[in-house]
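Open the model in your viewer and keep the selection box handy. We will walk from stop to stop, selecting a few residues each time.

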Amino acid sequence: MKLDNLINNLSGLFYRRKNDKNWTIEAISKGCFALTGYTREDFLNGTVTLAQMIIAKDFNSISKQLQKAIINKVLFNIEYQITHKNGTVRSFLEQGQGVYDTNGNLTALEGFIQDITKQKETERQLFEKEARNKALLEAMPDMLFIQDLEGNYLDCYAPQDEKLFVSPDKFIGKNMKEILPSHVFKIMRKAHSLAIKSGELQIEEFSVKTEAREDFFEARVVHLNTHGVLTIVRDVTERKIAEKQIIKNEAQIRVLLKTLPDVMIVYDKHGNHLELHAPENHQLVVPYDDHIGKNIDAILPKDVCTIIRQGFTNCELTKEIQTIEYSLQINNKLVHLESRIIQTDEGNFLTIIRDVTEKKDIEKSILENEERKRLALEVGEFGSWEWNLITDQIVRDAFQENLLDINNDTDTYQSFTNKVHPKDRTYVKSKVSEAIKTASTYTLEYRVIHNDKSVHWLHEKGKIFKNKTGKPVRIIGVTHDITAKKITKQKLKEDEEALRNYTEKLENKVKERTHELTSTVQKLIESNLSLEDQILITKSAENEREKNKYLLDNISQNFPKGFVAVFDSDFNTLLVEGEEVEELGFKGLAESKTLLDNFIGVPDNVKNKVKAHIIKTFKGEHCSFEISYQNRTFLVNTTPLYNAEKKIEQVLLVHNNITLQKTAESKILKSLKKEQELSELKSRFISMASHEFRTPLSAILSSAILIEKLNAPGKEEKRLKHVSKIRSNVKDLVIILNDFLSLSKLQEGKIIAQPSSFNFIDFSKSVIEEIQGIKKEGQDIYFNHQQPNITAFLDQKLLKHIIFNLLSNAIKYSEEHKPITFNIESTNQYLVIEIKDEGIGIPKEDLNNMFQRFYRANNTTNIQGTGLGLNIVKQYTELMGGTISFKSELNVGTTFWVEFPLNKK
């Protein structure tokens, strides 16, 4: 009994087992539990065996050692590692021997097992420490010597033996007087004495000459204790050579400074001038040279001083070169200067100043040209393209692709000509081929057929570029849609033709009637009729004139879709007739000869424009122009009216109402703009979707691969971690897809609010409970409300989406341990929801765009999101008659307010 107690209380285990593959236990002490985590019963009933616990890589080798000991009938000592029940790996030392019967046959194995895990860890740490110390010594470039107080060498270490005066094995036991050259010995003896006497570090330098070269050394001597001195010797030959080179370089630099075109000024940290280096006759030399020792505040303008001081501060903080720019009036001329600021080792600032006036003028000219080009393309709605004649590849911008209705990454000249109208194809190929042959710029107009079979007119201009050998290698050009212009031009041509025919008929009729009247009068004179006959003829002529006047009045009064007007040189109204005269309020203006300036309902700018063209017409010009007033647009054509002396006496203005035509043009332009916006939205959608899908899909793929590799027992926790990660990323994908689906339904008008009565307080608590799972560590949602119950009549599904999105945004854009506040206030008429966070906030430049589709703030590029959430929230809010607003401050936080009418039904 006492023996059992003694065995069971030992820090190890005793065993008796069979020599089989499972090491079946026949007897084992209670110490097995402390070593393996398994009880005696677990081993005795076969629940676990020692063989199962041994690490696979150790089992075969120790089995061989064991069997060899059994054959030789000797004691065995084996070391191996086992897996403890808690999953940790332990190191064991087993000592034992075989038990044999009287016939010498093995009946069992008995032994004692100890846990040597701590011992193994200590051995490993000692080994690593020795390895580190060895590596440290090998990495040191210095020679180390330990001597006693009399100068005898006790130990030494040198990475390069050839640096020693004798071989290392001859150092030990020798005195430095025997080893060192005499001049070195004197220096080192003095350093030893001072180190021993003062207890302070002594640093000495000496050199040793050989036939090949002279080597320089630095010795550091320190008193170790009452018995010895440590000397560390470093080869500083390269440093000495470098110092000589530095002196040489400094001389070269001084020569170089004299040849540099820049001015160099040294300031102290307060801005006082210390030194000046500049070429002779430089424009800055005189003003700066006069101020050596003075502060920049007394010399330079305040704004320039601020820029320079900020440069000093940034240079000191970043330890990097700072480049600043400023301008000065020198000799009555504005000079642009660029300064590069470098902090010296003494803490001063070296400033290299260069005149960049010419460079700035060139940059300004380039920027202005680029801006003019960009504005010209934007305003003119031009599409640009480039055709590589070597590879036959055509690169187009988005607007150009819309013009041709092409969406092909491998666009070629053949695919382009396939889009050209068959009737224009030969013409286009001929013009382009001729331009390539002659290497000249070309301009052409042609039609293209879109995929919906619609025909569009394009105006194209291209320029040929050649290589150094003169061979054309590429064409760069721009294209403009002139379909509306062509339609307008054709309509205008038709209207002008109709007006011309009408005017010609009118003039011919007038000439005919005038000729008849002149003939009649001539006949009267020639025939010398009697007075009675003359009266009759005169009456006849008057009647004819009245008929002509009646005809002209009818034509004028019934002028279709517009009106005609006649003015004299003083802008008095002589005639204003047509279908639209009464609607415009111009009735009766001709009877009173109303001045053009007194027309009511016509803006002053329109009056001035009409007057300018009347003046041109009185000079003999035929004018055509457009004017707009009273929600109508007119195309005005003017023609001079001559008297009998062939002098212009009056001006006829024919006004054609082209409002419908202009409306059609406006609709076409609006449709084109909508198509451009749709194209941009598609591009943003594709870019965002590809990015947002790729991140979770990559995480799912990597987790799936890791799960596949974690099939071994004991990896369940890691597998569950990766399965949870897959679930989380799948959930993120579902959220993104739900956003896309919601946006699609909103655009199609399929989402309709379906309100019902419910307790808003209980509803909000359920949403908060549901969102708890996505909170970051230390985040808390504080829910505040004054009333225990608030009855709301709203769509619960839409409202849940709104609150969930705003709370999840607050969680996502806030750091860990940051609070989130959810406040509810209500009156008899309104319900107000306030959600506040202390997150990253929204930059000022992004505030006005946060409710746009696919829009994300600039500081969220590394945070997952689609840019659709707030757009959908706003639309859902407005569907239920509510409003949404917010305020935000960068790095402080964001607060959203949602307000709904409290319809209690």
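The tour below visits a helix, some aromatic rings and several charged pairs.

**Before you start**

This is a predicted model, in which local features need pLDDT of at least 70, side-chain atom pairs count only at pLDDT 80 or more, and totals for chains, interfaces and linings use all residues. Residues are numbered from 1 along each chain as its sequence is written, and side-chain values use heavy atoms, with hydrogens and water left out.

**Stop 1: helix α5**

Select residues 56-72, which make up helix α5. Helices (H or I, at least four residues) and strands (E, at least two) are DSSP runs, numbered from the N terminus. How far apart are the end C-alpha atoms of α5? They are 25 Å apart, which agrees with the 24 Å that its 17 residues should span at 1.5 Å a residue; the expected span is 1.5 Å times one less than the number of residues.

Now show the side chains of Asp58, Ile62, Ser63, Leu66, Ala69 and Ile70, which are buried. Buried means under 20% relative accessible area, exposed over 50%, and partly exposed in between (1.4 Å probe, protein chains only). Add β1 (13-17), β3 (76-83), β4 (89-100) and β5 (106-115) to see what the buried residues of α5 pack against. Then click on Lys73, which follows α5 and has a positive phi, near 55 degrees.

**Stop 2: the aromatic rings**

The structure holds 23 aromatic pairs. Rings of Phe, Tyr and Trp (its six-membered ring) pair if their centres lie within 6.5 Å; planes under 30 degrees apart count as stacked, over 60 as edge-to-face and the rest as tilted.

Select Phe563 and Phe586, an edge-to-face pair at 5.7 Å centre to centre with 75 degrees between the planes. This pair links distant parts of the chain: Phe563 is in strand β21 (residues 562-567), and Phe586 is in the loop between α18 (581-584) and α19 (604-618), 23 residues apart.

Next add Phe634, which forms an edge-to-face pair with Phe563 at 5.8 Å centre to centre, again with 75 degrees between the planes. Here the partners are 71 residues apart, with Phe634 in strand β24 (residues 632-642). Is Phe634 buried or exposed? Phe634 is buried, with a relative accessible area of 0%, and Phe563 is buried at 3%.

To see the aromatic cluster that these rings belong to, select Phe563, Phe567, Phe586, Phe599, Tyr629 and Phe634.

**Stop 3: charges over rings**

Jump to Trp457: the charged end of Lys486 sits over its ring, 4.4 Å from the centre. Then find Phe571, where Lys611 lies over the face at 5.3 Å from the ring centre. A charge sits over a ring if NZ of Lys or CZ of Arg is within 6 Å of the ring centre and within 35 degrees of the ring normal.

**Stop 4: salt bridges**

The structure holds 29 salt bridges, each a side-chain nitrogen of Lys or Arg within 4 Å of a carboxyl oxygen of Asp or Glu.

- Select Glu79 and Lys120, whose side chains meet at 2.6 Å, N to O. Glu79 is in strand β3 and Lys120 in helix α6 (residues 117-139), 41 residues apart.
- Select Asp215 and Arg213, also meeting in a salt bridge at 2.6 Å, N to O. Asp215 is buried at 12%, whereas Arg213 is partly exposed at 42%.
- Select Glu878 and Lys874, which meet at 2.5 Å, N to O. Both lie in helix α24 (residues 869-879), 4 residues apart, about one turn of the helix.

For the last view, select Glu205, Glu218, Arg220, Arg239, Lys240 and Glu243, which are linked in a network of salt bridges.

Notes. Contact = heavy atoms within 4.5 Å.
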